[in-house]
Amino acid sequence: MIIQLQPDITDSQKEKLISKVNESGYKTTEVKTQLGDYIIGIGKNEFDIRRIGQMDGIQDIHIVSDEYKLVSKKWKAKPTSVDLGDGVFIKDGEMAIITGPCSIESEDQIRKVVNHCVENGITMMRGGVFKPRTSPYAFRGMGIDGLKLWHSIASEAGVKIVTEVMQTSQIDEMYPYVDIYQVGARNSQNFNLLDELGKVDKAVMIKRGISGTIEELLQSAEYVFSGGNEKLILCERGIRTYERASRNTLDLNAIPILKAKSHLPVIVDPSHGIGIRAYVPQMALAGVMAGADGIIYESHEVPEKAYSDGQQTLDFAQSARLAAWIREIFAKRKTFELL
Ligand code: PEP
Ligand code: MN
């Protein structure tokens, strides 16, 4: 059960409400976000909401049977729009394009990618400064100094920054320089990190875990929301299956399913999803047709020289063409009457 409280509810009204819910055999948790104040009730008894529906201080009340609640469409039917400022949004009905290298490597590289974004009307750039690498001997990123440098160049050009946070201690130092905190596949169920990102008033994009189910991704998002942060984006990036012909198996099924289950925007990462440069564009376009609200893909001036993931990275000419195709297919998608 979710009860949204009126902003002007008094302490005594709230206490009365909580004890009434507790009396009915429901445990309560209070959730305060940028946008609302909620009581989450967890219990198994039959509950007739008319028993409390007339009490003072209630704005809205719903029974949500899903394990995840606040991110469920059963709670909020209207799609969430994530506002990054300066007219940049990630939301249903628009197509977000995010591109950039796997890793931030140098000032020269940053300038080149920022220019590429600007030239192609792309307002969000990705790149890792803290890199989760399978091998400890691989390049692990430029760290916070790389992020500061990137921010100084990107913000001047009006380009937003999407970058991975790997641990709780990085959240505060990154805060002034980041527009979207990315939670990587390997950290998708790092519940301490998710809890702490709930306390931050900046957007968070959660990638699906390497072996994560759709339900688990939604529950990870529920952690951040219930921690206090509603600015959330979900990302399908492929899952580990028995198939070895591609790096991962991009689960296109997840897109309509996530869109049906949750009000949060859903974006697709075809680069990590298939892991093979030549096939990234078609999987990106398949993601658009499947109903994604955005595509995030890797690009670099010279992919063969990239410090990481060059094999799945587009060069700027390919990226420019893909961005145009994404927009074209997205415009066409609107003409299909999806059931
Ligand atoms: C990345 O986006 O560079 C990355 C490491 O992705 P993932 O967490 O999906 O592997
Ligand atoms: Mn990568």
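In this predicted model, Ile-144 belongs to helix α4, which spans residues 143-156. With a relative accessibility of 17%, Ile-144 counts as buried, since the cut-off for that class is under 20% relative accessible area. Once residues up to four places away in sequence are set aside, Ile-144 touches Phe-130, Glu-173 and Met-174. Met-95, by contrast, stands 49 residues from Ile-144 in sequence, and the two C-alpha atoms are 30 Å apart in space.

From this helix one may step back to the chain as a whole, whose secondary structure comes to 11 helices and 14 strands. The radius of gyration is 21 Å, close to the 20 Å that the globule rule gives for 339 residues, and the chain is therefore as compact as a globular protein of that length. Taken along the principal axes, the box filled by the C-alpha atoms is roughly 65 × 45 × 40 Å. Of the 339 residues, 53% count as buried, and among the contacts with a separation of 6 or more, 68% are made by residues 24 or more positions apart.

The accessible surface of the chain comes to about 15,400 Å², and carbon and sulfur atoms hold 49% of that area. As for charge, there are 41 positive and 45 negative side chains in the chain, and the centres of these two sets lie 3 Å apart.

Which residues of the protein serve as donors to the manganese ion (ligand 2)? They are Cys-102 through SG, His-272 through NE2, Glu-298 through OE and Asp-309 through OD, at distances of 2.0 to 2.4 Å from the ion. Along the chain, these donors of the manganese ion follow the spacing C-x169-H-x25-E-x10-D. Cys-102 sits in the loop between β7 (96-100) and α3 (107-119), while His-272 sits in helix α9 (residues 270-274), so this pair ties together parts that are 170 residues apart in sequence. Both Cys-102 and His-272 are buried.

Another of the donors, Asp-309, deserves a closer look at its backbone. Asp-309 is placed in the loop between β14 (294-298) and α11 (316-333), and has a positive phi of about 55° although it is not a glycine. Its relative accessible area is 13%, and Asp-309 is therefore buried.

A positive phi of about 55° is also found at Asp-86, again a residue that is not a glycine. Is Asp-86 buried or exposed? Its relative accessible area is 72%, which makes Asp-86 exposed, and its place is in the loop between β5 (82-85) and β6 (88-90). The two aspartates thus share a backbone feature, with a positive phi of about 55° at Asp-86 and at Asp-309, whereas Asp-86 is exposed and Asp-309 is buried.

A further loop position is Gly-25, which lies between α1 (11-23) and β2 (27-32). Its relative accessibility is 42%, and Gly-25 therefore counts as partly exposed. Apart from neighbours within four places in sequence, Gly-25 is in contact with Ile-42, Gly-43 and Asn-45. Leu-70 is 45 residues from Gly-25 along the chain, and a distance of 20 Å separates their C-alpha atoms.

Technical notes
Residues numbered from 1 in each chain as written. Chains lettered and ligands numbered in written order. Predicted model: local features only at pLDDT ≥ 70, side-chain atom pairs only at ≥ 80, totals over all residues. Heavy atoms only, no water. Helix = DSSP H or I, 4+ residues; strand = E, 2+ residues; numbered from the N terminus. Rg over C-alpha atoms; globule rule 2.2 N^0.38 Å. Buried < 20%, exposed > 50% of the residue type's maximum accessible area, 1.4 Å probe, protein only. Contact = heavy atoms within 4.5 Å. Areas by Shrake-Rupley, 256 points an atom, 1.4 Å probe, with all protein chains shown as cover. Lys, Arg positive; Asp, Glu negative; His and termini not counted. Charge placed at Lys NZ, Arg CZ, Asp CG, Glu CD. Donors = N, O, S within 2.8 Å, 3.2 Å for Na, K, Ca; no water.
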